[in-house]
Amino acid sequence: MNENDENKEIDLNSRAYKIAAGKGVMNLPNKLTISRVVMIPVFILFFYLNFTAHYFIALTVFGIASLTDLLDGKIARKYNLVTNLGKFLDPIADKVLVLSALVVFLTKPEIFVASAGMGEWTWIAAGCGVAVILAREIIVSGFRMVAAGAGIVIAADIFGKYKTVTQDIAVVVLLIGAGVCELTAHISGEIINYIGLAFFAISVILTVISGINYIIKNIEVLKY
């Protein structure tokens with residue numbers, strides 16, 4: 001079944017389509033994307049507010065924001081509501097959400113040091129890892145802009161997708177570990193933190209691989 005056939009199956013008069021389509025460029029997928037951006041400062045607020053279980057509330061906000069990432073793309077494809085605004089905002093919202101979480105983590109040593117009991121070097125290593133992730137996103141974004149100027153579309157690669165998934169898992173697990181360690185001194189909090197650190201390390205490795213792969217596969221872009 002080709003794309004035209006899928007478009008013909010969309011009932012433009014259905015209530016579901018009308019809700020999804022909205023008015024003008026502000027369709028439901030774009031509203032979900034914008035809501036993800038709005039939730040970023042809310043996530044940061046609860047991350048820093050000092051009250052019982054604030055890490056778990058921050059985790060809930062992050063989880064809801066991540067869920068909107070799954071929903072907006074699915075709805076946009078289902079109802080053929082892909083817009084330039086969505087193409088522009090969606091990847092930015094995803095990157096800013098995860099990077100915001102990782103950056104604020106660095107301001108809380110217990111997330112990378114105290115609860116894991118591995119020493120201050122893990123905090124330094126984590127800072128380097130976050131810098132690598134940030135650098136990769138800037139480089140790839142710039143690379144895409146150059147490619148677009150040359151009329152070349154660079155598709156996402158499998159390593160980039162794995163990188164995103166492991167980053168999300170790392171943020172979620174580290175928040176759970178921080179929350180458990182805050183509520184109890186039980187060793188389970190440290191174990192969860194170790195798992196989160198492992199996913200973070202994997203995400204950094206995949207970030208490097210993905211960035212190098214993007215450049216190698218599309219090196220011809222730099223020849224224009």
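Colleague: Is Tyr 48 buried, partly exposed or exposed?

Modeller: Bearing in mind that this is a predicted model, Tyr 48 counts as partly exposed, because its relative accessibility is 37%, and partly exposed covers values between the 20% and 50% limits.

Colleague: And which kind of pair do the rings of Phe 47 and Tyr 48 make?

Modeller: Phe 47 itself is buried, with a relative accessible area of 0%. The ring centres of Phe 47 and Tyr 48 lie 5.2 Å apart and their planes stand at 90°, so this pair is edge-to-face.

Colleague: What about Phe 43 and Phe 47, how are those rings arranged?

Modeller: Those two form a tilted aromatic pair, with 6.2 Å from centre to centre and 35° between the planes. Both residues belong to helix α3, where they are four residues apart, or about one turn of the helix. Phe 43 also counts as buried, because its relative accessibility is 1%.

Colleague: How many aromatic pairs turn up in the whole structure, then?

Modeller: A search of the whole structure finds eight aromatic pairs. There is also one aromatic cluster that includes Phe 43, Phe 47 and Tyr 48, along with Tyr 55, Phe 62, Phe 105, Phe 112 and Phe 200.

Colleague: Switching to the inside: which residues of the largest nonpolar core touch the most other members?

Modeller: That core has 31 residues, and the ones touching the most other members are Phe 105, Phe 112 and Phe 200. The helices giving two or more residues to this core are α3, α4, α5, α6, α7, α8 and α9, and the largest share, seven residues, comes from α5.

Colleague: What is Phe 105 in contact with, if you skip its neighbours within four places in sequence?

Modeller: With those set aside, Phe 105 is in contact with Phe 47, Ile 111, Phe 112, Val 171, Leu 174 and Leu 175. Apart from the largest core, there is a second, separate core of eight residues, among them Tyr 17, Ala 20, Ala 21 and Ile 75.

Colleague: Now the outside: which residues make the nonpolar surface patch?

Modeller: Ile 158, Phe 159, Tyr 162, Ile 205 and Ile 209 make a nonpolar surface patch of about 450 Å². Helices α8 and α9 each supply at least two of its residues, and α8 gives the most, with three.

Colleague: Where does Ile 209 sit, and is it buried, partly exposed or exposed?

Modeller: Ile 209 has its place in helix α9, and this residue counts as partly exposed because its relative accessibility is 35%.

Key
Residues numbered from 1 in each chain as written. Predicted model: local features only at pLDDT ≥ 70, side-chain atom pairs only at ≥ 80, totals over all residues. Heavy atoms only, no water. Core = buried A, V, L, I, M, F, W, Y, C linked by side-chain atoms within 4.5 Å. Buried < 20%, exposed > 50% of the residue type's maximum accessible area, 1.4 Å probe, protein only. Contact = heavy atoms within 4.5 Å. Phe/Tyr/Trp six-rings, centres within 6.5 Å; stacked < 30°, edge-to-face > 60°. Patch = residues over 30% accessible without salt bridge, like charges linked within 9 Å, V, L, I, M, F, W, Y side chains within 5 Å. Areas by Shrake-Rupley, 256 points an atom, 1.4 Å probe, with all protein chains shown as cover. Salt bridge = Lys/Arg side-chain N within 4 Å of Asp/Glu carboxyl O.
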